[in-house]
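Let's take a friendly walk through this model, one region at a time. Have the viewer open, and follow along as we go.

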Amino acid sequence: MSSDDAYSSFLDQANQDTSASKATTKTKTASTKAVDTEIPVGLQNVDQYYTSEADEPFEPVSLRWDGNNMPSENELADLIGHDSEVSSMSTEEFDPRGQYKDVLQAVEKAGDGKSRIFRIGHGQTRIEYYVIGLDKEKRRVVGLKAKAVES
């Protein structure tokens, strides 16, 4: 076989479609339930992004809640349909530079004037942050959530 034939054969193999022979892998998206009731207007207009490796927008949260107090970590996990790591955090831990004041104010205004922050783990690097308040009148938890990637 001449070197030209060998080179031509090499190019033919290099240009073959190999996608059919590769095993496909599915990436699990980090997502939890966030809405099952009417979203307060003040939360629909928040245009802010959570800064991480993904820079995702804050999305509204509005979930039915029959409790008289803010949900605990375990209660929130049940409410959003998450079966893994949920922890609460302080405002200072969530927003050490004060860049999410608008998010906190919108949540407090939509609820009873207080907010609580939860960190929802999805593996080692994917996280959701829930900033929630309690709307006792309409019996719901309201707030904003953002997805983050932290490696």
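## A buried glutamine

At 16% relative accessibility, Gln48 counts as buried, because the cut-off for that label is under 20%. This is a predicted model, so please read each value here as computed from predicted coordinates.

Where does Gln48 sit in the chain? Gln48 lies in the loop that links α2 to β1 (49–50). The side chain of Gln48 comes to 2.5 Å from the backbone oxygen of Gln99. If neighbours within four places in sequence are set aside, Gln48 is in contact with Glu56, Pro57, Phe58, Gln99, Tyr100, Asp102 and Val103.

## Phe58 and the largest core

One of those contacts, Phe58, leads us to the largest nonpolar core. That core has 20 residues, and Tyr50, Phe58 and Phe94 touch the most other members. At least two residues come from each of α5 (101–110), β6 and β7, and α5 gives the most, with five.

Again leaving out neighbours within four places in sequence, the contacts of Phe58 are Val46, Gln48, Tyr49, Tyr50, Phe94, Tyr100, Val103, Leu144, Lys145 and Ala146. There is also a second, separate core of 15 residues, which includes Trp65, Leu76, Ile80 and Leu134. In soluble globular proteins, nonpolar side chains tend to be buried together.

## Helix α5, side by side

Which residues of α5 are buried? They are Val103, Leu104, Ala106, Val107 and Ala110. These residues span an arc of only 165 degrees around the axis, so they sit on the same side of α5. The other side of α5 carries the exposed residues Lys101, Asp102, Gln105 and Lys109.

What do the buried residues of α5 pack against? Their partners are α2 (41–44), α4 (91–94), β5, β6 and β7.

## Helix α3, a similar story

In helix α3 (residues 73–80), the buried residues are Leu76, Ala77, Leu79 and Ile80. Viewed down the axis of α3, they fall within an arc of 165 degrees, which means that they line one face of the helix. Asn74 and Asp78 are exposed on the face turned away from that buried side. Two of the buried residues, Leu76 and Ile80, belong to the second core.

The cover over the buried residues of α3 includes β3 (59–64), β4 (86–89), β5 (116–122), β6 (126–135) and β7 (140–149). Just after α3 comes Gly81, with a positive phi near 75 degrees.

## Strand β5 and its partners

Strand β5 appears in the surroundings of both helices: the buried residues of α5 pack against β5, and β5 is also part of what covers the buried residues of α3. β5 itself is mostly covered, with five of its seven residues buried.

How do the neighbouring strands pair with β5? β4 and β5 run in the antiparallel sense over four bridges, while β5 and β6 pair in the antiparallel sense over seven bridges. Arg119 in β5 is a handy place to see both pairings: Ser87 stands opposite Arg119, and Tyr129 in β6 is the bridge partner of Arg119. β5 and β6 form a hairpin with three residues between them. Gly123, in the turn, has a positive phi of about 85 degrees.

Definitions and conventions: Residues numbered from 1 in each chain as written. Predicted model: local features only at pLDDT ≥ 70, side-chain atom pairs only at ≥ 80, totals over all residues. Heavy atoms only, no water. Buried < 20%, exposed > 50% of the residue type's maximum accessible area, 1.4 Å probe, protein only. Arc of directions from axis to C-beta. Contact = heavy atoms within 4.5 Å. Pairing = 2+ DSSP bridges. Core = buried A, V, L, I, M, F, W, Y, C linked by side-chain atoms within 4.5 Å. Polar contact = N/O pair within 3.5 Å; in protein donor to acceptor, adjacent residues only side chain to side chain.
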